[in-house]
Amino acid sequence: MEEEYTCFRFHMDQSKKAIGFFVSLGILVLGFLFFNTKQIDPFSDFALLEWQIKLALQGKFYLPYDSFLLDPNFQFFPLPDLFFHVYNGFVYSTFPNFYPIFSAPFYVINGQFGIRFVQFVLFFVSIYIFYQIKKDGIATILLLFGSSIPIYIFLIHDTILFFFLEISILYLVHRKWNVLPGILSICLVWMRPEMAVSIFLILLFFSQEKNWRNITITFMLTGFVFSIVNKITLGTFFPLRFVKSPEFHFSTNTSLFLFKILLEQIPIFILFIIYLIKAISQKKNLYQYLTIIFVTFLLVLISPNTGGHNTPRYFYGLFPLYILLLRNNDNERTITKFTKTWGVICFILSLYQINLLFQKSKELTKISKYQTNTMSEISKLENNVLVFNNSDFSFVSLPVLENISSHQTKKDILLLRPNFSKKTFIQILSAKNADSFVFLELPPSPIPLGPIVTDPENRKLGEYKMEKHYQLPDALLPIQITEYKRQ
């Protein structure tokens, strides 16, 4: 008995030393990237979330639009339709305000740096909480280096927050809490509807029967309250990210791309497949493996798009479950051992992920450089009224709006949609006292504006005629500029 205890203590010490080494390695690598990526400026939905954070600091939880009286249908609002919702004359982002409210205090402290720092801390707190579930050093290392999710530490995005919430839910379920896991689960699903799948699997495979029932009841009651509040404030019982989700169109290319980045950026899935073979031979936890495999491939097939960030963000909620299940396949005695085989696996995995994170950081830096360069050139335009006809282009141009970036001047953005009203368009320009505006196109141009913009029914509003047409100088993209002036 004493010999077994001594052996147990030896393996525990080895496990702690391994954890110490790999966690220190993770802190050093991510700490280096933390400072190396400080030049990345928010773009696209990252910029939208930064805008929401700044509005939250002003006590505003909607997106301002000063032309709503002239444009009650919001056909010139600068965001793509998928990213905003209109109710009672107010525009709301489809990104819930959980993250902006959470991040606002840290933004006050030191802007983007403050948010990135708290996300850095939150990520490692999540790793620590995960270790407390079973004191499993190998599982903890696999979580630390098992996916590309750490790249979101350096971005203004809710991914690290939802990762923290999921790990906290797993810990609380393991400790047999009943109320708090249900509340946190509905908050998580409200932010990221795709996480409903992960919550279902957590309750199905990692909770006790009584625990499962109580958490489900709490989840449903809290969800009912959320739905009522949502209906009163936003006019719908469901989360906006669910209501405004893109229409599903099956695409073989999308599914293949999702599967490719799943294998590349969540290599734990490959290890999970290997353990599936072991589960088949041992006939242990087989239905759990098959269920999660089925859910994974189902997400690959039904995901509406690629996620937009070149990362497998639809699958980040599953990879902690891969780890817990493959480690549960070992018995209690084996699970404490940090064997040479696991040491080699963890070392190879860490090197692979470190290389991947450096590649992703370079990719983000390059994208940000294109964004910053383009926005810098656009901000130099003398005209402050910018008109776009491409929703993706107007979306990435959000930083030129007031107060999104301190080094850029205020601009007004209007987005043309198919069959837009020329009368409303000219009325908006007149309300802005705009004697001129610039039309920005990124080929291929989906909606031509034409040589003359006029309202034949009311010439008192004036006519705008094309003055100049040229390519935006010094930009890294072929942006075509057309200047219009009132006659």
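Author: In this predicted model, helix 3 passes helix 5 in a left-handed crossing.

Reader: How close do the axes of helix 3 and helix 5 come, and at what angle do they cross?

Author: The two axes come within 8 Å and cross at roughly 35 degrees.

Reader: Which residues of helix 3 and helix 5 make the contact?

Author: Among them are Tyr99, Phe102, Leu122, Phe123, Ile129 and Phe130 of helix 3, with Ile160, Phe163, Phe164, Ile167 and Tyr171 of helix 5 on the other side. By class, this contact of helix 3 with helix 5 has 15 nonpolar, 5 polar and 1 charged residues.

Reader: At what angle do helix 11 and helix 12 pack?

Author: Helix 11 (residues 268-282) and helix 12 (residues 286-302) pack at about 145 degrees, and their axes are 9 Å apart. Helix 11 also passes helix 12 in a left-handed crossing. Residues making the contact include Phe269, Phe272, Tyr275 and Leu276 of helix 11, and Leu286, Tyr289, Leu290 and Phe297 of helix 12. By class, there are 13 nonpolar, 1 polar and no charged residues in the contact of helix 11 with helix 12.

Reader: On to the rings. What describes a pair of aromatic rings?

Author: The distance of the centres and the angle of the planes describe such a pair. A search of the whole structure finds 36 aromatic pairs. In one of them, the ring centres of Phe83 and Phe95 are 5.9 Å apart with the planes at 40 degrees, so the pair is tilted. This pair links distant parts of the chain, 12 residues apart: Phe83 is in the loop between helix 2 (45-57) and strand 1 (84-87), and Phe95 is in the loop between strand 2 (90-93) and helix 3 (98-134). Both Phe83 and Phe95 are buried.

Reader: Why is the pair of Phe425 and Phe437 edge-to-face?

Author: The planes of Phe425 and Phe437 are at 80 degrees, with the ring centres 5.5 Å apart, so the pair counts as edge-to-face. The pair links distant parts of the chain, with Phe425 in helix 17 (residues 422-431) and Phe437 in strand 5 (residues 436-441), 12 residues apart. Both Phe425 and Phe437 are buried.

Reader: Which residues do ring pairs link into a cluster?

Author: The cluster consists of Phe34, Phe35, Phe113, Phe120, Phe123, Phe124, Phe163 and Phe319. Phe123 and Phe163 also take part in the contact of helix 3 with helix 5.

Reader: Which ring does the charged end of Lys244 sit over, and which face does Arg327 lie over?

Author: The charged end of Lys244 sits over the ring of Phe84, 5.7 Å from the ring centre. Arg327 lies over the face of Trp342, at 5.1 Å from the ring centre.

Reader: For the backbone, what sign of phi do most residues other than glycine have?

Author: Most of them have a negative phi. Asn88 has a positive phi of about 55 degrees although it is not a glycine. Asn88 lies in the loop between strand 1 and strand 2, and its 60% relative accessibility counts as exposed. Lys176, also not a glycine, has a positive phi of about 65 degrees. Lys176 lies in the loop between helix 5 (159-174) and helix 6 (180-191), and at 54% relative accessibility Lys176 counts as exposed.

Reader: Is Ser67 buried or exposed?

Author: Ser67 counts as buried because its relative accessibility is 5%, where the cut-off for buried is under 20%. Ser67 lies in the loop between helix 2 and strand 1. Not counting residues up to four places away in sequence, Ser67 touches Ile428 and Lys432.

Note on methods. Residues numbered from 1 in each chain as written. Predicted model: local features only at pLDDT ≥ 70, side-chain atom pairs only at ≥ 80, totals over all residues. Heavy atoms only, no water. Phe/Tyr/Trp six-rings, centres within 6.5 Å; stacked < 30°, edge-to-face > 60°. Helix = DSSP H or I, 4+ residues; strand = E, 2+ residues; numbered from the N terminus. Buried < 20%, exposed > 50% of the residue type's maximum accessible area, 1.4 Å probe, protein only. Lys NZ or Arg CZ within 6 Å of the ring centre and 35° of its normal. Axes fitted to C-alpha atoms, helices over the stretch in contact; angles between N-to-C directions. Left-handed = near helix turned anticlockwise from the far one by under 90°. Contact = heavy atoms within 4.5 Å. Nonpolar A, V, L, I, M, F, W, Y, C, P; charged D, E, K, R; others polar.
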